[in-house]
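These are my notebook entries on a single protein chain. I set down what I looked up, one topic at a time.

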Amino acid sequence: MSVPDMRAAIAKVYPGQSWKYKVAKMSDQQVMAVYFSFLRRKLI
């Protein structure tokens, strides 16, 4: 899965616009860390 795909997946976890804005501003490394954290917690 590419970083843009991961970014889109974590942006969908929470409905708020502020969350989507934060996800858009995250570095690629942070996106990967959040994505794998969400996977472990079964949010994705």
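**Entry 1: Ile10**

I began with Ile10, which is located in helix 1. I note at the outset that the model is a predicted one. I asked whether Ile10 is buried or exposed. Its relative accessibility is 0%, so I entered Ile10 as buried.

I then looked up which residues Ile10 touches, leaving aside neighbours within four places in sequence. The contacts of Ile10 are Trp19, Val23, Met26, Val31, Val34, Tyr35, Phe38 and Ile44. For one of these partners, Val34, I also took the C-alpha to C-alpha distance: Ile10 and Val34 are 7.5 Å apart in space, and 24 residues apart in sequence.

**Entry 2: Overall layout**

I next looked up the secondary structure. The protein has three helices and zero strands, and along the sequence the pattern reads α-α-α. The C-alpha trace spans about 25 × 20 × 15 Å along its principal axes. The protein has 44 residues, of which 30% count as buried. I also checked how far apart in sequence the contacting residues are. Of the contacts with a separation of 6 or more, 50% involve residues 24 or more positions apart.

**Entry 3: The nonpolar core**

Which residues make up the largest nonpolar core? I listed eleven: Val3, Met6, Ile10, Ala11, Trp19, Val23, Met26, Val31, Val34, Tyr35 and Phe38. Helix 1 (3-11), helix 2 (17-25) and helix 3 (28-40) are the elements that each give two or more residues to this core. As background, I recorded that nonpolar side chains tend to be buried together in soluble globular proteins.

I looked up one further core member, Val3. Beyond four places in sequence, Val3 touches Asp28, Val31 and Met32.

**Entry 4: Helix 1 against helix 2**

I described each helix pair by the angle between the axes and the distance between them, as is done for two packed helices. For helix 1 and helix 2 the angle is about 160 degrees, and the axes lie 9 Å apart. An angle over 145 degrees counts as roughly antiparallel, and I therefore entered helix 1 and helix 2 as roughly antiparallel to each other. Their crossing is right-handed.

I then looked up the residues that meet. Helix 1 contributes Arg7, Ile10 and Ala11, and helix 2 contributes Trp19, Lys20, Val23 and Ala24. By class, this contact has five nonpolar, no polar and two charged residues.

**Entry 5: Helix 1 against helix 3**

At what angle do the axes of helix 1 and helix 3 cross? I found roughly 55 degrees, with the axes coming within 9 Å. Helix 1 and helix 3 are therefore oblique to each other. I recorded the crossing of helix 1 and helix 3 as left-handed.

On the helix 1 side I listed Val3, Met6, Arg7, Ala9 and Ile10; these meet Asp28, Val31, Met32, Val34, Tyr35, Phe36 and Phe38 in helix 3. This contact divides into ten nonpolar, no polar and two charged residues.

**Entry 6: Lys42**

Last, I looked up Lys42, in the segment after helix 3. Its relative accessibility is 71%, so Lys42 counts as exposed. The phi of Lys42 is near 60 degrees, a positive value in a residue other than glycine. I noted this value because most residues other than glycine have a negative phi.

Conventions:
Residues are numbered from 1 along each chain as its sequence is written. This is a predicted model: local features need pLDDT of at least 70, side-chain atom pairs count only at pLDDT 80 or more; totals for chains, interfaces and linings use all residues. Side-chain values use heavy atoms; hydrogens and water are left out. A nonpolar core is a set of buried Ala, Val, Leu, Ile, Met, Phe, Trp, Tyr and Cys residues joined through side-chain atoms within 4.5 Å. Buried means under 20% relative accessible area, exposed over 50%, partly exposed in between (1.4 Å probe, protein chains only). Helices (H or I, at least four residues) and strands (E, at least two) are DSSP runs, numbered from the N terminus. Contact means heavy atoms within 4.5 Å. Axes are lines fitted to C-alpha atoms, for helices over the stretch in contact, and angles run from 0 to 180 degrees between N-to-C directions. Angles under 35 degrees count as roughly parallel, over 145 as roughly antiparallel, 65 to 115 as roughly perpendicular and the rest as oblique. A crossing is left-handed if the near helix is turned anticlockwise from the far one by less than a right angle, and right-handed if clockwise. Ala, Val, Leu, Ile, Met, Phe, Trp, Tyr, Cys and Pro count as nonpolar, Asp, Glu, Lys and Arg as charged, and the others, Gly among them, as polar.
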